[in-house]
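Here is a short briefing on charged side-chain pairs. Look at the structure first, then work through the points below.

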Amino acid sequence: GRAYALPLPYGIYRGDRLKLDRDQNRFRIFSTATYSIDWSAAVSQPVKSKDTPMRTGMPDIDASVEWGPQLKIALGERWKLQTRAHLVSTYENDRLHERGYTVTPSINWELPLPHDLSLGARLAAPFASERYHDYFYRVLPEYAQPGRPAYDADAGFSGWNTQITLSRRTRHAWYGFFVSNHFMEDSTVENSPLIDDKTSWSAGFACTWLLFQSKEMTTE
């Protein structure tokens, strides 16, 4: 396991259509009381192969940026269905490289608790294109070695994702703790030699402090 500590400044803006916050950036296309359609974007951190034994001698995984539409449907006060379709690209040699796409349906649950606390849970079933799976899980013949045979990935199911969060929001700060799991059993890429454990866990804690804010507040 690895531990990361990353202090990062960010801004929050919640206009009528453009939303920028700690979760992701999105542009509201259409919304009603029941559902909304956004154009969203997100980024992921790079992976150095020298720090990952299963990828020793292979090219690094570059930081990726993804964007595309997402649909949210409210199912009462606590439940929400969400489906996101994102095109994924990496930045290398001064240009973007298209790495395929993902489609991620999920169901989300949130329960307000006393003292400004909130308990949340999420179950997601992501699917990805062959190009996306190849970028993360393929082993080309020139990188094959004992214990790491050549492998060519296919498109399909990427494995279950679950997450439980507990957070607290005040007027000037936000605190959150999460535990998440990625379950690769029965996924399309479960036989990749780059997967040494079909069940992975992660946990983290984040806190933000609001230095400046406008006089007009919104909760959306």
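Arg138 and Asp134 form a salt bridge in this predicted model. Their closest N and O atoms lie 3.8 Å apart. A search of the whole structure finds five salt bridges. Three of them are described here, including the pair just named.

**Arg138 and Asp134**
- Arg138 is partly exposed, because its relative accessible area is 33%, which falls between the 20% and 50% cut-offs.
- Asp134 has a relative accessibility of 10%, so Asp134 counts as buried.
- This bridge therefore links a partly exposed Arg138 to a buried Asp134.

**Glu92 and Arg99**
- Glu92 pairs with Arg99 in another salt bridge.
- The closest N and O atoms of Glu92 and Arg99 are 3.4 Å apart.
- Is Arg99 buried or exposed? Arg99 is buried, because its relative accessible area of 17% is under 20%.
- Glu92 is partly exposed, with a relative accessible area of 30%.

**Glu190 and Lys198**
- Which side chain meets Glu190 in a salt bridge? The partner is Lys198, at 3.1 Å from N to O.
- Glu190 is buried, and its relative accessible area is 17%.
- Lys198 has a relative accessibility of 29%, so Lys198 counts as partly exposed.

**Putting the pairs together**
- The buried partners are Asp134, Arg99 and Glu190.
- The partly exposed partners are Arg138, Glu92 and Lys198.

Notes. Residues are numbered from 1 along each chain as its sequence is written. This is a predicted model: local features need pLDDT of at least 70, side-chain atom pairs count only at pLDDT 80 or more; totals for chains, interfaces and linings use all residues. Side-chain values use heavy atoms; hydrogens and water are left out. A salt bridge is a side-chain nitrogen of Lys or Arg within 4 Å of a carboxyl oxygen of Asp or Glu. Buried means under 20% relative accessible area, exposed over 50%, partly exposed in between (1.4 Å probe, protein chains only).
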